[in-house]
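Here's a quick briefing to read with the structure open beside you. Grab a coffee and follow along residue by residue.

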Amino acid sequence: MMEISSKVRYALLALLELARYYERGEYLQIEQIANVQQIPDRYLGQLLMILRRSGLVRSQRGAKGGYLLSKPPQQITLLEILTCLDGINTHEKFQKTEFSTMENMIIAGIWEEAAGAAIAVFEGYTLQDMWDKRQQVQQIQPMYHI
């Protein structure tokens, strides 16, 4: 089964928190994000640096500084986030090597197909989609309010 790493989970939580304030143009400080989303400050700082270098967030120094999404949440796909965090290469095809058996070739083909399907799903979801899902769950289960 495919598992989500802590790195990806924390980054998604931070980005969702930034998405919440995007329309207001409000920069959030690491401590604010860390407290709300229960992410270790230092680790969050490292993740935000990676996200900034990849162009997903921007930062501003000073008393009113912090982090802000670099573009609207509906323009940031999960695939884009995963690519910057885990180095997923969508153009990397299964290496066509000689297989010792036909069974190995069949197994490799199925794994390649599964990876392609996963990439398509991640490409189809944006931060806005995740935020919208959060709002839907909030209406159903109001105990998860902030």
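## A buried glutamate, and what surrounds it

Glu17 is buried, with a relative accessible area of just 3%. Keep in mind that this is a predicted model. Glu17 sits in helix H1, and the notes below start there before moving out to the rest of the chain.

**Around Glu17**

- Which residues does Glu17 contact, once its neighbours within four places in sequence are left aside? They are Leu28, Ile33, Val36 and Gln37.
- Glu17 counts as buried because its 3% relative accessible area falls under the 20% cut-off.
- Leu68 is 51 residues away from Glu17 along the chain, yet their C-alpha atoms are separated by 9.6 Å.

**Leu68 in strand E2**

- Leu68 belongs to strand E2, which covers residues 66–69.
- With a relative accessible area of 3%, Leu68 is buried.
- Not counting residues up to four places away in sequence, Leu68 touches Leu18, Tyr21, Tyr22, Gly25, Glu26, Tyr27, Val57 and Arg58.

**The chain as a whole**

- The protein chain has 6 helices and 2 strands, and along the sequence they run α-α-α-β-β-α-α-α.
- Of the 146 residues in the protein chain, 32% are buried.
- Take the contacts between residues at least 6 apart in sequence: 65% of them join residues at least 24 apart.
- The accessible surface adds up to about 10000 Å², and carbon and sulfur atoms account for 53% of that.

**The aromatic pair**

- The count of aromatic pairs comes to 1.
- Why is the pair of Tyr10 and Tyr43 called edge-to-face? The ring centres are 5.7 Å apart and the planes sit at 75°, so the pair gets that label; the angle has to be over 60 degrees for it.
- Tyr10 is in helix H1 (residues 6–22) and Tyr43 is in helix H3 (residues 41–53), so the pair ties together parts that are 33 residues apart in sequence.
- Tyr10 is buried at 16% relative accessible area, whereas Tyr43 is partly exposed at 27%.

**Helix H2 against helix H3**

- The axes of helix H2 (residues 30–37) and H3 come within 9 Å and cross at roughly 120°.
- Is the crossing of H2 and H3 left-handed or right-handed? The crossing is right-handed.
- H2 brings Ile30, Glu31, Ile33 and Ala34 to the contact, while H3 brings Asp41, Leu44, Gly45 and Leu48.
- By type, the residues of the contact of H2 with H3 split into 5 nonpolar, 1 polar and 2 charged.
- Ile33 shows up twice in these notes: it is part of the H2 side of that contact, and it is also in contact with Glu17.

**The loop between H2 and H3**

- Gln38 is found in the loop that joins H2 and H3.
- What is the phi of Gln38 near? It is near 55°, a positive value in a residue other than glycine.
- For background, most residues other than glycine have a negative phi.
- Gln38 is exposed, with a relative accessible area of 67%.

**Helices H4 and H5**

- Leu82 is in helix H4 (residues 78–86), and at 10% relative accessibility it counts as buried.
- Leu82 and Glu123 are 41 residues apart in sequence, and 9.8 Å apart in space from C-alpha to C-alpha.
- Ala120 is in helix H5 (residues 102–124), where it counts as partly exposed at 44% relative accessibility.
- Ala120 and Leu79 are likewise 41 residues apart in sequence, with 8.4 Å between them, C-alpha to C-alpha.

**Trp131 in helix H6**

- Trp131 lies in helix H6, which spans residues 127–140.
- Is Trp131 buried or exposed? Trp131 is buried, with a relative accessible area of 16%.
- Leaving out residues up to four places away in sequence, Trp131 touches Leu16 and Arg20.
- Trp131 and Gln74 are 57 residues apart in sequence and 9.7 Å apart in space, C-alpha to C-alpha.

How values were computed:
Residues numbered from 1 in each chain as written. Predicted model: local features only at pLDDT ≥ 70, side-chain atom pairs only at ≥ 80, totals over all residues. Heavy atoms only, no water. Helix = DSSP H or I, 4+ residues; strand = E, 2+ residues; numbered from the N terminus. Buried < 20%, exposed > 50% of the residue type's maximum accessible area, 1.4 Å probe, protein only. Contact = heavy atoms within 4.5 Å. Areas by Shrake-Rupley, 256 points an atom, 1.4 Å probe, with all protein chains shown as cover. Phe/Tyr/Trp six-rings, centres within 6.5 Å; stacked < 30°, edge-to-face > 60°. Axes fitted to C-alpha atoms, helices over the stretch in contact; angles between N-to-C directions. Left-handed = near helix turned anticlockwise from the far one by under 90°. Nonpolar A, V, L, I, M, F, W, Y, C, P; charged D, E, K, R; others polar.
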